[in-house]
Amino acid sequence: MQYQELGDSGVEVSEVGFGAWVVGTDWWGDRSEDDALEMVQYAVEQGVTYIDTGDVYGHGRSEELIGQAISDVRDEVTLATKVGYDFYNNPQAGHGELPKEMDPDYLRDAVEQSLERLDVERIDVLQLHNADVEEITPDVLELLDELEEDGLIRARGLALGPSIGWLAEGDLAIEEEFDSLQLVWNVLEQEVGDHFLETIERTGSSTSLIPRVPHSSGILNEQVTPETELGEGDHRGFRPDEWYETGWEKLEALRFLEHAEPRSANNSSGQSPRERDGERTMGQASIAWLLSHEPVASVTPTFRTKGDIDEWAAASDVPKLSDGEMTRVEELYENDFDIDRDDGMDSLRSSVGGEDIESAGLDKLAAD
């Protein structure tokens with residue numbers, strides 16, 4: 001496992017992180033709490049020391065479980081959580097989005113309750129959870145300053161969501177030099193990530209990017225195939241059928257990423273291609289592609305088994321993509337993989353009526 005600094009914060013994160021939305025909830029398949037605890041502890045043993053949870057996951061239960069899981073290794077772990085959804089006064093209705101609350105007094109109280117559930121004195125990375133651009137006010141920014149000064153947090157971040165888009169919010173976080181910006185970004189969904197790379201280059205910001213959904217809801221790690229029947233309540237079932245059908249064709253065009261380019265033209269070792277140094281699985285290649293972008297500090301896949309952890313944690317150590325591989329991926333994406341079919345995903349989310357999408361020059365609609 002390799003490690004990087006988050007922004008200019010001095011906070012170190014593992015290049016592959018643990019997205020703890022699977023802990024304390026059943027949105028990615030049901031599991032016992034003992035199983036969840038064991039997975040977190042196993043991930044830390046494999047070098048996955050960046051753990052990202054949120055107070056709304058399981059209405060605080062994820063934080064409680066994470067606190068238990070890391071109690072003996074707190075000094076080895078970089079702990080991130082999120083605040084901003086008022087689950088204290090609003091019941092959860094299915095997968096519906098709860099009301100947000102970004103008032104500074106509410107946020108401070110939420111941080112204090114997160115600290116208690118996590119059983120820690122300080123949160124390494126505090127993220128505003130899916131805040132709209134108008135909600136990131138000067139008073140909220142002042143609160144983040146105060147929390148750092150009070151020693152309650154070490155770094156600040158913004159998590160974009162719940163779906164793909166939110167360019168205005170990400171641009172603001174980068175311009176304000178938040179330490180981290182979490183976003184949906186993968187080799188099949190590149191526009192938003194590419195836009196923020198441009199913003200970072202334009203502003204000279206030190207903000208680190210933290211992609212989630214690197215496997216595009218199961219396509220790129222081949223956990224969702226044409227034969228897969230997603231269980232009731234599985235969050236991945238909210239993708240349109242056209243997305244999966246098109247994605248499986250794109251996957252085949254990306255097969256060349258499963259093997260790193262040879263380190264020399266002469267392979268005289270007698271090894272087969274699958275034994276050659278530098279091999280990548282498609283699941284690893286999807287993460288390695290993201291890590292090949294300099295501002296990316298950590299990638300948070302959705303681990304469901306110890307086998308996932310073994311495979312994807314190793315993605316930090318496989319070769320980053322070569323210039324030739326990166327160019328080939330770029331050309332495939334620009335040409336829509338030579339597939340002439342609507343994949344049902346022609347829109348991005350926007351809190352400013354699509355002005356941010358239009359300003360970015362993206363050929364996308366603003367989602368309703």
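In this predicted model, helix 1 (residues 33–45) packs against helix 2 (residues 61–69) at an angle of about 55°, and their axes lie 9 Å apart. Helix 1 and helix 2 are therefore oblique to each other, and their crossing is right-handed. On the side of helix 1, the contact is formed by Glu-33, Leu-37, Val-40 and Gln-41, while helix 2 contributes Arg-61, Leu-65, Ile-66, Gln-68 and Ala-69. When the residues of this contact between helix 1 and helix 2 are sorted by class, five are nonpolar, two are polar and two are charged. The description follows a general habit: two packed helices are characterised by the angle between their axes and by the distance between those axes.

Helix 2 also takes part in a second pairing, this time with helix 3 (residues 104–118), where the axes come within 7 Å and cross at roughly 45°. Helix 2 and helix 3 are therefore also oblique to each other. Here Glu-63, Glu-64, Ile-66 and Gly-67 of helix 2 meet Ser-114, Arg-117 and Leu-118 of helix 3, and the contact divides into two nonpolar, two polar and three charged residues. Ile-66 of helix 2 thus appears in the contact with helix 1 and again in the contact with helix 3.

Further along the chain, helix 5 (residues 167–175) and helix 6 (residues 191–203) have axes that come within 10 Å and cross at roughly 30°. Because angles under 35 degrees count as roughly parallel, helix 5 is described as roughly parallel to helix 6. The crossing of helix 5 and helix 6 is right-handed. Helix 5 makes the contact through Leu-167, Gly-170, Asp-171, Ile-174 and Glu-175, and helix 6 through Val-192, His-195, Phe-196, Thr-199, Ile-200, Arg-202 and Thr-203. By class, this contact of helix 5 with helix 6 holds five nonpolar, four polar and three charged residues.

Two loops deserve attention for their backbone. In general, most residues other than glycine have a negative phi, and most peptide bonds are trans. His-59, which is not a glycine, nevertheless has a positive phi of about 50°, and this residue is found in the loop between strand 4 (50–52) and helix 2. The peptide bond from Gly-161 to Pro-162 is cis, with omega near 15°, and Pro-162 sits in the loop between strand 7 (153–159) and helix 5.

Finally, the reader can turn from the packed parts to the empty space, which is revealed by rolling a probe the size of a water molecule over the atoms. The second largest pocket holds about 290 Å³ of space. Its lining consists of 13 residues, and those nearest the centre of the pocket are Arg-74, Asp-75, Val-77, Asp-124 and Arg-154. Sorted by class, the lining of the second largest pocket has three nonpolar, two polar and eight charged residues.

Terms used. Residues are numbered from 1 along each chain as its sequence is written. This is a predicted model: local features need pLDDT of at least 70, side-chain atom pairs count only at pLDDT 80 or more; totals for chains, interfaces and linings use all residues. Side-chain values use heavy atoms; hydrogens and water are left out. Axes are lines fitted to C-alpha atoms, for helices over the stretch in contact, and angles run from 0 to 180 degrees between N-to-C directions. Helices (H or I, at least four residues) and strands (E, at least two) are DSSP runs, numbered from the N terminus. Angles under 35 degrees count as roughly parallel, over 145 as roughly antiparallel, 65 to 115 as roughly perpendicular and the rest as oblique. A crossing is left-handed if the near helix is turned anticlockwise from the far one by less than a right angle, and right-handed if clockwise. Contact means heavy atoms within 4.5 Å. Ala, Val, Leu, Ile, Met, Phe, Trp, Tyr, Cys and Pro count as nonpolar, Asp, Glu, Lys and Arg as charged, and the others, Gly among them, as polar. On a 1 Å grid over the protein atoms alone, a cavity is a set of points where a 1.4 Å probe fits but cannot get out, and a pocket is an open set with protein on both sides within 12 Å along at least five of seven lines; lining residues have an atom within 4 Å of a point. Grid points are joined across faces, edges and corners, and a volume is the space filled by probe spheres set on the points.
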